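Reader: I've got a model open and a handful of labels I'd like to see justified. Can we go through them one at a time?

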Amino acid sequence: MDKVIITAAITGSRMMRDVAPYIPITPEEIFLSAYEAWQAGAAICHLHVRDPETGLGSQDVGLFRRVVEPLREKTDLILSLTTSGIPGRNLPVEERLAPLCLKPELASFDAGSINLGGDVFINTPDFLDRAAAAMKEAGVKPEIEIFDLGMMVTALRMRKEGKLEDPLHFQFVMGTPWGAPATPKALLHLHDHLPERCTWSVIGIGSGHLPMAMMGLIMGGHIRVGMEDNIYLRRGVPAKTNAELVERVVRLAREYGREISTPAEARSLLHLPPFKR
Ligand code: ZN
C-alpha cells in the first residue's frame, strides 16, 4: 500500500473562538499552526485565512501571502488553498479564485452546491467551468471535494468533457449535516465511483473524524485532519493545536503498518512536479 499522505486543514473560515478556543485566526497564528503540523507529519496544508478584524474567512491575497510565503521559505509543505471563501456567503467568482495567483500546488474544487451552516454553498456549473479553466491556466491541481454522490457525477462528467484532467485527486467530505454521512458504507459507495489512476483522501467532520481517518488508512486512501473539520481530541477535550490531531493519525498509521508520506513523496504520489521555492 502507498504511504499515507496526511493533510492538515488548519482553520477553515467560520468557526470562532467562542466554540473553538484554540483555532488560529491571524496570519501569524495560521502559519505557526501549519508549521507545527508539518513537523508532526503533515505533507499538505489546506489553508484558509481569516480577516484579523472580524475573524471570518477571507479571500484576500495579501493575507494569504502572509501565510504562504513563510511556509514556502521554512517548509516543503504542499499548499492547498481554498477557493470556497466563506461557504454560504458566496463571494464573487473573481474573489474566490484570487488565491490562484499565488500558484499553490493544489486548490479546493467543490464539485457542486450544498446546504452548509444554515446557508447554501453555491457552486454553479458556470462557476465550476470557470474554476477548472482558471486552475488549468495557473497550473494548479484541483483537489476535488465531494460531499455527496451528485458531486461525483459532476466531476466525472467534467472529466469526460476534458475540463478536469487525469490523474484526478479527490477529497471525500463525510459527515456534514447536509451531505454524505461519515459511515463506512457511504464512503465505500463514493469510492466505487472513482475513475482510474486517481488518488483520494477522506475527511470526517466532527465525530466522524477518527472513524473516517481509519477507513482511509485501511482502504489505501489518504487522510485529512485538522481544526477546520474537528476541534476535539476526545469528547469534551479540545485539541490545542493542529499538530496534536496530526500526531494522533501518525500514531494510528504506524500501528497499522502504513508509513507516513513526506511532502516529496506526496508530490510523486499526486503527480505534482518537485518542490521549487
Ligand atoms: Zn477548507
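**Labels and their reasons**

Author: Sure. This is a predicted model, and a good place to start is His48, which counts as buried because its relative accessibility is 3%, and buried means under 20%.

Reader: What makes Glu228 partly exposed?

Author: Its relative accessibility is 22%. Partly exposed is the range between under 20% and over 50%, so Glu228 gets that label.

Reader: Which atoms coordinate the zinc ion?

Author: His46 (NE2), His48 (NE2) and two OE entries from Glu228, at 2.0 to 2.8 Å. Along the chain the donors are spaced H-x1-H-x179-E. His48 sits in the loop between β2 (44-47) and β3 (49-50), and Glu228 in the loop between β12 (222-225) and β13 (232-234), so the pair ties together parts 180 residues apart in sequence.

Reader: Why is the site of the zinc ion called irregular?

Author: The angles among its four donor atoms run from 51 to 128 degrees. Tetrahedral needs all angles between 85 and 135 degrees, so the 51 rules that out. Square planar needs opposite donors over 155 degrees apart, and 128 falls short, so irregular is what remains.

Reader: How do you know that the chain is as compact as a globular protein of that length?

Author: There are nine helices and 14 strands in the chain. Its radius of gyration is 17 Å, close to the 19 Å the globule rule gives for 277 residues, so the label holds. Buried residues make up 56% of those 277.

How values were computed. Residues are numbered from 1 along each chain as its sequence is written. This is a predicted model: local features need pLDDT of at least 70, side-chain atom pairs count only at pLDDT 80 or more; totals for chains, interfaces and linings use all residues. Side-chain values use heavy atoms; hydrogens and water are left out. Donors are N, O and S atoms within 2.8 Å of the metal (3.2 Å for Na, K and Ca); water is not among the atoms, so sites may look incomplete. Four donors count as tetrahedral if all angles lie between 85 and 135 degrees; four count as square planar and six as octahedral if opposite donors are over 155 degrees apart and all others between 65 and 115; anything else is irregular. Helices (H or I, at least four residues) and strands (E, at least two) are DSSP runs, numbered from the N terminus. Buried means under 20% relative accessible area, exposed over 50%, partly exposed in between (1.4 Å probe, protein chains only). The radius of gyration is taken over C-alpha atoms; the globule rule is 2.2 Å times the number of residues to the power 0.38.
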